[in-house]
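Let's take a walk through this protein, one piece at a time. Keep the structure open beside you and follow along.

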Amino acid sequence: KRGRKFFTYNIPAGTPRKPTELTYMDACSNFAYDNTTVGIYADTHTFHVAKLVPMTLALEAVQIAFQAGVKPELTLDGTGGTYMLKDSNKRVRAVFKPKDEEAFAPRNPRNLVKPEESPSFRAGVYSTLQAAREVAAYLLDHKSLAGVPTTTMVHAKHTAFHNIDDQGNQTPPLWKTGSLQLWQDDCELAGDYAPSKFDPRDVRAMAMLDIR
């Protein structure tokens, strides 16, 4: 980049048994790729989270799948736009929740449409701000005691998202900002289990996270 040499990036040297692996993604924080139909990249403000290997690999896999024609899938349940993002093998790698598709946000796909920062189901929680709360929850879950999956903020664009204007008319794909959370296998809804099934240590860990 700009004539700089490889060694000027302060990248740790590898060994023959454990070489340094370089991965990169073409991205732009000012949405210069408006002519593209699909795409996804990490937000620069939370990029330190995205640099974690599992998140980096998930982003790359989803980007490749987007270009191969694999579409995001809107979940059947929930009150907002929650999309399962898959890789080229149709395996779910992450979950994307656009800010403008949250409950009571302008482009909610479940007819819960209101202006930005409208009151939501819980007092003090406003629409279009919940994605940031999810990223904050991950950052505050010290040592992953509460088990919050790796979460970061991303920008994504796809025809499968709920792309509408203020009048409810379909529009070309829009760049959307939202939270991206790594997929957790074999997880069920907490409401499907009786309280006696929860480990008290897990309950205390979640309570500590709430206090933070």
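## Finding your way around

The protein has four helices and six strands. What pattern do they follow along the sequence? Reading along the chain, you get β-α-α-β-β-β-α-β-β-α. Bear in mind that this is a predicted model. Out of the protein's 212 residues, 36% count as buried.

Let's start with the sheet. Its six strands form an open sheet in the order 1-5-6-4-3-2, and the pairing is antiparallel. Strand 1 (39-42) and strand 2 are at the edges with a single partner strand each, so each of them has one side without a neighbour in the sheet.

Now step across the sheet, beginning at the strand 2 edge. Strand 2 pairs with strand 3 in the antiparallel sense, over two bridges. Here you can find L74 standing opposite Y83 of strand 3. The loop between strand 2 and strand 3 is worth a pause, too. Both T79 and T82 have their place in it. Is T79 buried or exposed, or something in between? T79 counts as partly exposed because its relative accessibility is 37%. Buried means under 20% relative accessible area, and T82, with 17%, is buried. Each of these threonines also has a partner to look for further along the chain. T79 and P109 are 30 residues apart along the chain, and their C-alpha atoms are separated by 8.5 Å. T82 and F96 are 14 residues apart along the chain, with 5.9 Å between their C-alpha atoms.

Next comes strand 3 itself, residues 83-86. Which way do its residues point? Y83 and L85 point one way, M84 and K86 point the other way, and all of them are buried. Strand 3 and strand 4 pair in the antiparallel sense over four bridges. Two of the matches to look for are K86 with V92 of strand 4 and L85 with A94 of strand 4. The hairpin made by these strands has five residues between them, and K90 there takes a positive phi near 65°.

Keep going and you get from strand 4 to strand 6, which pair in the antiparallel sense over five bridges. A94 turns up again here, since its bridge partner in strand 6 is L182. Strand 6 is mostly covered, with six of its seven residues buried. On to strand 5, residues 151-157, which pairs with strand 6 in the antiparallel sense over six bridges. To spot this pairing, look for H155, which stands opposite T177 in strand 6.

Time for the helices. Helix 2 runs over residues 53-67, has 15 residues and reaches 21 Å from its first C-alpha to its last, close to the 21 Å expected at 1.5 Å a residue. Its buried residues are M55, T56, A58, L59, E60, A61, V62, Q63, A65 and F66. Just after helix 2 comes G69, which takes a positive phi of about 95°.

Helix 3, residues 130-140, has A131, V135 and Y138 among its buried residues. Why do these three end up on the same side of helix 3? They cover an arc of only 55° around the axis, which puts them on that same side. There is a general rule to help you see it: an α-helix has 3.6 residues a turn, so residues three or four places apart point the same way.

Helix 3 also leads us to our last stop, the largest pocket. The volume of the largest pocket is about 2100 Å³. How many residues line it? There are 47 in the lining, and K97, E134, P149, Q181 and L189 lie nearest the centre of the pocket. Helix 3 gives the most to this lining, with seven residues. Strand 2 (73-74), strand 4 (92-98), helix 3, strand 6 (176-182) and helix 4 (200-211) each supply at least two lining residues. By type, the lining divides into 24 nonpolar, twelve polar and eleven charged residues.

So the sheet we crossed and the pocket share some parts: strand 2, strand 4 and strand 6 belong to the pocket lining and to the six-stranded open sheet.

Notes:
Residues numbered from 1 in each chain as written. Predicted model: local features only at pLDDT ≥ 70, side-chain atom pairs only at ≥ 80, totals over all residues. Heavy atoms only, no water. Buried < 20%, exposed > 50% of the residue type's maximum accessible area, 1.4 Å probe, protein only. Arc of directions from axis to C-beta. Expected span 1.5 Å × (residues − 1). 1 Å grid on protein atoms, 1.4 Å probe; cavity = no way out; pocket = protein on both sides within 12 Å on 5 of 7 lines; lining within 4 Å. Points joined across faces, edges and corners; volume = space filled by probe spheres on them. Nonpolar A, V, L, I, M, F, W, Y, C, P; charged D, E, K, R; others polar. Pairing = 2+ DSSP bridges.
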